[in-house]
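Let's take a walk through this structure together, one neighbourhood at a time. Open it in your viewer and keep the residue numbering at hand.

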Amino acid sequence: MKLADLPAELQQRLPAVDEALERRYRPVYEKFSDVMPVEEWLTRLPLVAAINDLKAERDAVVMAHNYQTPDIFHGIADATGDSLALARMAADVDAGTIVLCGVHFMAETARLMAPDKKVISPDPMAGCSLASGITAADVRALKARHPGVPVVAYVNTTAEVKAEVDVCCTSGNALDVVNALGAPRVIMVPDGYLARYVAERTSVEIIIWEGRCEVHERFTAEEINQFRDESGTWVMAHPECSPEVIDASDYVGSTAGMIRELKTRRPPRVMLLTECSMADNVREAVPDTRFVQPCNLCPHMKRITLEKTLMALWAGSPEVEVAEDLIAPARRSVQAMFELTAVRAA
Ligand code: SF4
């Protein structure tokens, strides 16, 4: 959807770019002016302003994942974070409507955590290769093959799958969740690389499902080694990367973990082996750090745009629905993750 595709009534709501509007949004633009030319920003600015004005009218908040483009992440989001943070924040939202700028399983998770709220996805076709890599029937078959073995599902799964498992995890807490279960064997779905990452760091036997993130699996150890020649490059990888990439990296963690580590370590040069927008969004917090390639774009995350977000907010749809009978069991597996990790942190 392009700006010209918006209905006439909505186009009329777009403010003209004048000096006052530019001045109002200058602090926002300064956060990502290194990665977006001003000419492009000025085409985005009316959409950003219209969305922010409409949020109040619609009693809505915008929540955005760390992989969203900086005009969304810095321009319109009231809350940002990784899957775990977004799930937690959804449960505490006061507004009546949540617009979830992220992929579909994230919007579903927000719906689970805030069942009395309206959750809108700007593009419900924004999928995820991990979430589509396993079905509820697959989980039932695994449980039949391994009776009594607890099943841990990465949050990158559909509500149907969440409803079948014992507990969810994120890339940041997967190891803690597996250890906290106190079981000798655990089934982990759907990310095979995350499961291997955990298996190498625990005495628990892990039964692995071989799903993949199509974005992170593309990184290679050769790419890292090429950049290693450039002195001082600190390499950070997401656990959805292959074991070879993880072994070749200096730090492995979730996007939230990467941000924390970057702010603490403040390396002069860093390579973030994750989705490209992550570097664009975090660079304002570490202005003295230079970000070097490679990075990979997630085509699903990039389906979310300002135009679609404005359209969805205005129309109050598409609404994200979860079947009534799935809400309680799927929510329980997310809650179990919070409870297990809270006990461990205590
Ligand atoms: S980056 Fe990978 S895990 Fe994240 S939404 Fe895209 S395909 Fe799914």
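What follows is a tour of helices, sheets and a few backbone details.

One caveat before we set off: this is a predicted model. Keep that in mind at every stop.

Let's begin with a pair of helices. Helix 2 covers residues 19-29 and helix 3 covers residues 38-57; their axes come within 11 Å and cross at roughly 100°. Angles of 65 to 115 degrees count as roughly perpendicular, and the two helices are therefore roughly perpendicular to each other. Who meets whom at the crossing? On the helix 2 side you'll find Leu21, Glu22, Arg24, Tyr25, Val28 and Tyr29, and they meet a set in helix 3 that includes Trp41, Leu42, Leu45 and Val48. Sort the residues of this contact by character and you get 10 nonpolar, one polar and three charged.

Follow the chain out of helix 3 and you run into the loop that leads to strand 1 (60-65), where aspartate 59 sits. Its phi is near 50°, a positive value in a residue other than glycine. Aspartate 59 is partly exposed, with a relative accessible area of 43%.

Next stop: threonine 109, in helix 6 (residues 104-113). Is threonine 109 buried or exposed? Its relative accessible area is 5%, so it counts as buried. Leaving out residues up to four places away in sequence, threonine 109 touches Ala87 and Lys162. With lysine 162 there is also a polar contact, side chain to side chain, at 3.4 Å.

Now for the sheets. One is an open sheet of four strands in the order 6-5-7-8, paired in parallel. Its edges are strand 6 (167-169) and strand 8 (205-208), each of which pairs on one side only. Ignore direction, and neighbouring strands here are turned by 35° against each other on average. Helix 9 (residues 174-181) packs on this sheet and touches strand 5, strand 6, strand 7 and strand 8, while its direction makes about 150° with that of strand 6.

Strand 5 is a good place to zoom in. Strand 5 (residues 151-154) pairs with strand 7 (residues 185-189) in the parallel sense over three bridges, and with strand 6 in the parallel sense, also over three bridges. Towards strand 7, valine 152 stands opposite methionine 188, and alanine 153 has valine 189 as its bridge partner. Towards strand 6, tyrosine 154 stands opposite cysteine 169. Which way do the side chains of strand 5 go? Val151 and Ala153 point one way, Val152 and Tyr154 the other, and all are buried.

Valine 189 turns up again just past this point, joined to proline 190 by a cis peptide bond with omega about -10°. Proline 190 has its place in the loop between strand 7 and helix 10. At the start of helix 10, a side-chain oxygen of aspartate 191 reaches to within 3.0 Å of the backbone nitrogen of tyrosine 193. Helix 10 (residues 192-199) has eight residues and six of them are buried, so it is largely enclosed by the rest of the structure. The buried ones are Gly192, Tyr193, Leu194, Ala195, Tyr197 and Val198.

Further along the chain there's another open sheet of four strands, ordered 10-9-11-12, with parallel pairing. Strand 10 (251-252) and strand 12 (290-292) each have a single partner strand, so one side of each is left without a neighbour in the sheet. Strand 9 (residues 233-237) and strand 10 pair in the parallel sense over two bridges, with alanine 237 opposite valine 252. Helix 13 (residues 255-265) packs on this sheet, touching strand 9, strand 10, strand 11 (269-273) and strand 12; its direction makes about 160° with that of strand 9.

Out of helix 13, on the way to strand 11, the loop holds arginine 266. Here too phi is positive in a residue other than glycine, near 45°. Arginine 266 is partly exposed, at a relative accessible area of 45%.

Another arginine to look at is arginine 228, in helix 11 (residues 221-228). Arginine 228 is partly exposed, with a relative accessible area of 33%. Among the residues it touches are Thr233, Val235 and Asp250. Arginine 228 and methionine 271 are 43 residues apart in sequence, yet 9.8 Å apart in space, C-alpha to C-alpha.

Last stop: a cis peptide bond joins glutamine 293 and proline 294, with omega about 10°. Proline 294 lies in the loop between strand 12 and helix 15 (306-315).

Terms used
Residues numbered from 1 in each chain as written. Predicted model: local features only at pLDDT ≥ 70, side-chain atom pairs only at ≥ 80, totals over all residues. Heavy atoms only, no water. Buried < 20%, exposed > 50% of the residue type's maximum accessible area, 1.4 Å probe, protein only. Polar contact = N/O pair within 3.5 Å; in protein donor to acceptor, adjacent residues only side chain to side chain. Contact = heavy atoms within 4.5 Å. Axes fitted to C-alpha atoms, helices over the stretch in contact; angles between N-to-C directions. Parallel < 35°, antiparallel > 145°, perpendicular 65-115°, else oblique. Nonpolar A, V, L, I, M, F, W, Y, C, P; charged D, E, K, R; others polar. Pairing = 2+ DSSP bridges.
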